[in-house]
Each structure stands twice: as structure tokens, then as C-alpha cells.
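Work through the exercises below with the sequence and the 3D structure at hand. Each task is followed by a solution in steps.

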Amino acid sequence: MTGEGGSGKTRLALQLETELAGHGWRTLWVERGREGSAVAAVRDSGEPAVLVVDYAETRPGLAELLAEAAAAGGCPDVRVVLLARSAVTAYRALAQARPDAFLPDLATALNNQSERLADLGRREEALAAIEEAATTYRALAQARPDAFLPDLAASLNNQSASLADLGRREEALAAIEEAATTYRALAQARPDAFLPDLAASLNNQSASLADLGRREEALAAIEEAATTYRALAQARPAVFASRYASSLDAQAAILSELGRDSEAKAVQQEAAAIRGNVLLARVIHVARRCYPPGTNASGRDGACAAALI
């Protein structure tokens with residue numbers, strides 16, 4: 001369990017201790033410095049036990065404890081509950097003891113940490129976290145590409161955004177290009193699952209190219225993104241029509257920067273028409289929900305109007 005101090009981790013652990021006692025389980029709160037002997041202590045008792053390690057991220061003997069618990073087998077049954085203020089630190093310790101089991105969790109925790117740091121404006125730290133996440137996912141994807149290539153691509157997309165926030169545009173472009181290349185391969189194998197991600201990464205790639213003044217390449221990327229979104233919107237308009245319109249807006253902007261004003265105007269008109277259709281579909285949906293056939297519409301006008309805002 002992870003969370004800031006005072007968020008209730010200890011209370012939940014004490015509640016767990018009470019509930020498990022009713023099922024014949026013993027709970028041992030591991031004292032600092034006793035990590036190496038905790039598993040042996042409960043194993044010798046012959047009773048199923050839960051070891052609770054508070055401030056797990058500060059325990060130098062945590063890896064040893066986890067390794068011994070994993071090797072103990074099921075006689076008696078031994079479980080470990082970690083209470084930590086930092087998910088990254090806790091998962092890092094777990095991954096050191098059992099990398100096959102916990103490296104994916106460490107990478108996920110690093111990705112989440114990066115997003116929180118970015119929200120706080122701590123951009124350098126956010127970048128360091130997402131770079132470690134991407135490096136971890138890269139190693140995992142080399143061993144199990146089917147399982148972890150999507151995570152690698154997503155982390156590269158986030159890494160590109162972090163680099164762009166710091167003005168490191170060339171590196172941001174390299175990261176998003178790798179993400180797009182990865183999503184392209186994934187979409188070829190599983191289009192229903194990964195075409196949306198490919199379109200989004202192409203959109204970001206176009207923005208990175210435009211930031212570097214490479215407008216012709218930016219146009220090619222956004223045109224491919226728009227083409228992809230067009231196909232997706234035809235199959236699932238409620239989900240993808242607005243994204244298609246946004247990609248057309250970006251395409252029109254680049255066309256205008258290239259001096260191709262007539263083409264830009266035509267694309268803008270298409271985007272406006274799509275948004276009009278989206279709004280019409282929303283009005284029809286709300287009307288059918290609020291005013292089904294044979295019902296009195298009295299009193300519903302306010303609620304239905306609110307649903308359209």
C-alpha cells in the first residue's frame with residue numbers, strides 16, 4: 001500500500017490484521033533491522049503469517065526479506081504487506097528482489113510519478129522519471145514484445161512531451177518518431193487496438209516537426225493522422241469524429257503556413273462540417289433521452305438544456 005503520510009495505510013493494515021486473525025493468520029510487524037530474520041521467525045511457528053513492513057522504502061533489508069519470503073514456499077503460508085510513502089521506491093525494492101514479477105509495476109509507478117511531477121511544474125524530475133520508465137519498458141519489450149511494446153510506445157510518447165516542455169525539441173522528435181514507428185508495427189498486427197494510438201502519435205510527431213520548422217514533413221505526418229482518424233470516425237463516429245476534426249484543424253494550420261491557402265480553407269470547412277454533425281448527433285441523442293415517444297416533456301427542459309452545455 002502506498003500513499004502520503006496520514007492517508008490511512010496503517011489503519012488499513014491494522015484492520016487487515018484483525019480480520020486475518022479470525023481466519024487463523026498471525027500478523028508480525030517487522031521491526032527495523034529485523035528484516036533478515038522475520039521470515040524464519042514465522043516459518044518456525046508453523047502458522048500462516050503476514051509480515052507488515054512499514055516505511056518499506058527506507059528498509060535496507062527489504063530485498064532480503066522478499067527473497068526469503070518467495071523462497072519459503074507454502075509451508076507455512078507467508079505473505080508480505082508493504083506500507084510505503086513512495087510507490088516508486090517500494091517497487092524498486094521489490095524489483096531488485098524479483099525483477100520478473102515487479103519490473104512492470106516499477107515502470108508503471110515511474111510513469112505515474114512523472115505525470116505528477118509534471119503537474120507540479122517539476123519538469124526535470126518528471127523527465128528523469130519517464131526516461132527511467134521508458135528504459136525499463138524497453139528492456140521488458142526486448143524479452144516479451146507482445147506484452148510490453150505498447151507500454152514502451154506510450155512511455156516514449158510521454159517522454160517526448162517532457163522533452164518538448166523543456167525545449168529539447170530534437171530529442172522530443174526522436175522519441176515521438178520511435179513511438180509512432182512502434183505503434184505502426186502494432187497497428188499492422190492489431191488495427192482495432194492500436195490505430196487510435198498510431199493516429200495520436202502521428203499528430204504529436206507532426207507538432208514536433210512543425211516546432212522545428214520542418215513543415216513539409218509535419219504536413220505529411222498530420223495528413224496520415226487525419227486519414228487514420230477518418231477511417232476510425234467512419235466506424236465509430238461518436239468516439240473519433242471530434243479527433244478527426246482536430247487533426248484537420250492542425251492540417252489546415254500547416255497548409256496555411258506553407259502558403260497553400262485554398263487547400264487550408266477547404267480542410268477548415270470539412271472540419272467545421274464534421275463538428276456540426278457531431279453537435280447534431282448530440283442534440284438528437286439528448287432529445288431522445290429526455291423526450292422519449294409518448295412521454296410528457298414538461299419540466300425536463302432545464303435538465304436537457306444542461307445536458308447540451
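**Exercise 1.** Determine how α8 and α9 are oriented to each other in this predicted model, and which residues make the contact.

Solution.
- Step 1. Take the geometry: α8 and helix α9 (residues 191-211) pack at an angle of about 160 degrees, and their axes are 8 Å apart.
- Step 2. Apply the cut-off: angles over 145 degrees count as roughly antiparallel. α8 and α9 are therefore roughly antiparallel to each other.
- Step 3. Assign the hand: the crossing of α8 with α9 is left-handed.
- Step 4. List the contact. From α8 come Arg169, Ala172, Leu173, Ile176, Glu177, Ala180, Tyr183, Arg184, Leu186, Ala187, Gln188 and Ala189. They meet Pro191, Phe194, Leu195, Asp197, Leu198, Ser201, Leu202, Asn204, Gln205, Ser208, Leu209 and Asp211 of α9.
- Step 5. Sort the contact residues by class: 14 are nonpolar, five polar and five charged.

**Exercise 2.** Place alanine 185 in its helix and decide whether alanine 185 is buried, partly exposed or exposed.

Solution.
- Step 1. Alanine 185 lies in helix α8 (residues 169-189).
- Step 2. The relative accessible area of alanine 185 is 45%. Buried means under 20% and exposed means over 50%, so alanine 185 is partly exposed.
- Step 3. For a distance across the chain, take leucine 149, which is 36 residues away in sequence: the two C-alpha atoms are separated by 9.7 Å.

**Exercise 3.** Repeat the analysis of Exercise 1 for α11 and α12.

Solution.
- Step 1. Helix α11 (residues 237-257) and helix α12 (residues 261-290) have axes 8 Å apart and pack at an angle of about 165 degrees.
- Step 2. α11 and α12 are therefore roughly antiparallel to each other.
- Step 3. Their crossing is left-handed.
- Step 4. Residues of α11 in the contact include Ala241, Tyr244, Ala245, Leu248, Ala252 and Leu255. On α12, the contact residues include Ala264, Val267, Ala271, Ile274 and Val278.
- Step 5. By class, this contact of α11 with α12 holds 11 nonpolar, five polar and five charged residues.

**Exercise 4.** Describe the sheet: give its strand order, its edge strands and the pairing of β1 with β2.

Solution.
- Step 1. The sheet is open and has three strands in the order β1-β2-β3, with parallel pairing.
- Step 2. β1 (26-29) and β3 (78-82) each pair on one side only, and these are the edge strands.
- Step 3. On average, neighbouring strands are turned by 20 degrees against each other, direction ignored.
- Step 4. β1 and strand β2 (residues 49-53) run parallel and are joined by four bridges. Arginine 26 has alanine 49 of β2 as its bridge partner, and tryptophan 29 stands opposite valine 52 in β2.
- Step 5. Helix α3 (residues 62-71) packs on the sheet and touches β2 and β3. The direction of α3 makes about 150 degrees with that of β3.

**Exercise 5.** Explain why β2 can be called largely enclosed, then examine the loop that follows β2.

Solution.
- Step 1. Five of the five residues of β2 are buried, so β2 is largely enclosed by the rest of the structure.
- Step 2. Ala49, Leu51 and Val53 point one way from β2, while Val50 and Val52 point the other way.
- Step 3. Aspartate 54 is in the loop between β2 and α3.
- Step 4. With a relative accessible area of 16%, aspartate 54 is buried.
- Step 5. Neighbours within four places in sequence aside, aspartate 54 contacts Thr10, Arg59, Leu83 and Arg85.

**Exercise 6.** Find how α3 and α4 cross, and what covers the buried residues of α4.

Solution.
- Step 1. The axes of α3 and α4 come within 8 Å and cross at roughly 50 degrees.
- Step 2. α3 and α4 are therefore oblique to each other, and the crossing is right-handed.
- Step 3. Leu62, Ala63, Leu66 and Ala67 of α3 meet Ala93, Leu94 and Ala97 of α4. The contact has seven nonpolar, no polar and no charged residues.
- Step 4. Helix α4 (residues 87-97) has as its buried residues Ala87, Val88, Ala90, Ala93, Leu94 and Ala95. Their cover includes α3, β3 and α5 (99-119).

Methods:
Residues are numbered from 1 along each chain as its sequence is written. This is a predicted model: local features need pLDDT of at least 70, side-chain atom pairs count only at pLDDT 80 or more; totals for chains, interfaces and linings use all residues. Side-chain values use heavy atoms; hydrogens and water are left out. Two strands pair if DSSP finds at least two bridges between them. Helices (H or I, at least four residues) and strands (E, at least two) are DSSP runs, numbered from the N terminus. Axes are lines fitted to C-alpha atoms, for helices over the stretch in contact, and angles run from 0 to 180 degrees between N-to-C directions. Contact means heavy atoms within 4.5 Å. Angles under 35 degrees count as roughly parallel, over 145 as roughly antiparallel, 65 to 115 as roughly perpendicular and the rest as oblique. A crossing is left-handed if the near helix is turned anticlockwise from the far one by less than a right angle, and right-handed if clockwise. Ala, Val, Leu, Ile, Met, Phe, Trp, Tyr, Cys and Pro count as nonpolar, Asp, Glu, Lys and Arg as charged, and the others, Gly among them, as polar. Buried means under 20% relative accessible area, exposed over 50%, partly exposed in between (1.4 Å probe, protein chains only).
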